[in-house]
Amino acid sequence: QLHLVESGGGLVQPGGSLRLSCAASGFTLDDYAVGWFRQAPGKEHEGISCITTSNVGSTYYADSVKGRFTISRDNAKNTVYLQMNSLKPEDTAVYYCAASDTCITIATMTRDDYWGQGTQVTVSS
């Protein structure tokens, strides 16, 4: 499987911001579409964003995060980021990333398709 490591989570107040990182090793991440997912305790996993291969560069967002989150790439660092602004308590979850050929494929993924342990985001006053 692809080796991806999520980082950047933490505790933040409502309205605050965090930037999550999805770092790849052993392969070139810009050849893959990359998606972000999250899962809160007692809830099913939710796909929240996806970015296509670097030569295309299209982005997609779930309605729950559209206008607040931004996905982007830094090919020099072999990393995909998720900038999260205007955070709400309902954003509290473990966040995961995954890579595949297209965002259509990523939309079908389950937790078994993810690599890594995720990064915890907690939004609380």
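**Exercise 1. Find out where alanine 24 lies, whether it is buried or exposed, and what it touches.**

Step 1. Start with the element: alanine 24 belongs to strand β3. Strands (E, at least two residues) and helices (H or I, at least four) are DSSP runs, numbered from the N terminus.

Step 2. Look at the accessibility. Alanine 24 has a relative accessible area of 14%, so it is buried. Here buried means under 20% relative accessible area, exposed over 50%, and partly exposed in between (1.4 Å probe, protein chains only).

Step 3. List the neighbours. Setting aside residues within four places in sequence, alanine 24 is in contact with His3, Leu4, Leu29 and Asn78; contact means heavy atoms within 4.5 Å.

Step 4. Compare sequence with space: alanine 24 and lysine 77 are 53 residues apart in sequence, while their C-alpha atoms are 8.7 Å apart.

A word on the model before you go on: it is predicted, so local features need pLDDT of at least 70 and side-chain atom pairs count only at pLDDT 80 or more, whereas totals for chains, interfaces and linings use all residues. Residues are numbered from 1 along each chain as its sequence is written, and side-chain values use heavy atoms, with hydrogens and water left out.

**Exercise 2. Two residues that are not glycine have a positive phi: describe asparagine 78 and serine 86.**

Step 1. Recall the background: most residues other than glycine have a negative phi.

Step 2. Take asparagine 78, the residue that alanine 24 touches. Its phi is positive, about 55°, and it sits in the loop between β7 and β8. With a relative accessible area of 17%, asparagine 78 is buried.

Step 3. Now take serine 86. Its phi is about 50°, and its place is the loop between β8 and β9. Serine 86 is partly exposed, at 40% relative accessible area.

**Exercise 3. Locate the disulfides and say what each one links.**

Step 1. Apply the rule: a disulfide is a pair of cysteine sulfur atoms within 2.5 Å. The count comes to two disulfides.

Step 2. In one of them, cysteine 22 and cysteine 97 have their sulfur atoms 2.1 Å apart. The angle about the S-S bond is 80°, and the link is right-handed. Cysteine 22 lies in strand β3 (residues 18-25) and cysteine 97 in strand β9 (residues 93-100), so this pair ties together parts that are 75 residues apart in sequence. Cysteine 22 is buried at 0% relative accessible area, and cysteine 97 is buried at 0% too.

Step 3. Cysteine 50 and cysteine 103 also form a disulfide, with sulfur atoms 2.1 Å apart. This link is left-handed, with -95° about the S-S bond. Cysteine 50 is in strand β5 (residues 46-51) and cysteine 103 in helix α1 (residues 103-107), so parts 53 residues apart in sequence are tied together. Both cysteine 50 and cysteine 103 are buried.

Step 4. Number the bonded cysteines in sequence order and the pairing reads 1-3, 2-4.

**Exercise 4. In which order do the six strands of the open sheet run?**

Step 1. Use the pairing rule: two strands pair if DSSP finds at least two bridges between them.

Step 2. The order is β2-β10-β9-β4-β5-β6, with mixed pairing. The edge strands, each pairing on one side only, are β2 (10-12) and β6 (59-61).

Step 3. Zoom in on one edge. β5 and β6 pair in the antiparallel sense over three bridges, and serine 49 has tyrosine 61 in β6 as its bridge partner.

**Exercise 5. Which residues have the most contacts inside the largest nonpolar core?**

Step 1. Define the set: a nonpolar core consists of buried Ala, Val, Leu, Ile, Met, Phe, Trp, Tyr and Cys residues joined through side-chain atoms within 4.5 Å.

Step 2. The largest core has 26 residues, and those with the most contacts inside it are Trp36, Leu82, Met84 and Tyr95. Elements giving two or more residues to this core include β3, β4 (33-39), β7 (69-74) and β8 (79-84).

Step 3. There is also a second, separate core of ten residues, which includes Cys50, Val94, Ala98 and Ile106.

Step 4. Return to leucine 82: beyond four places in sequence, the residues it touches include Trp36, Ile48, Phe69 and Tyr95.
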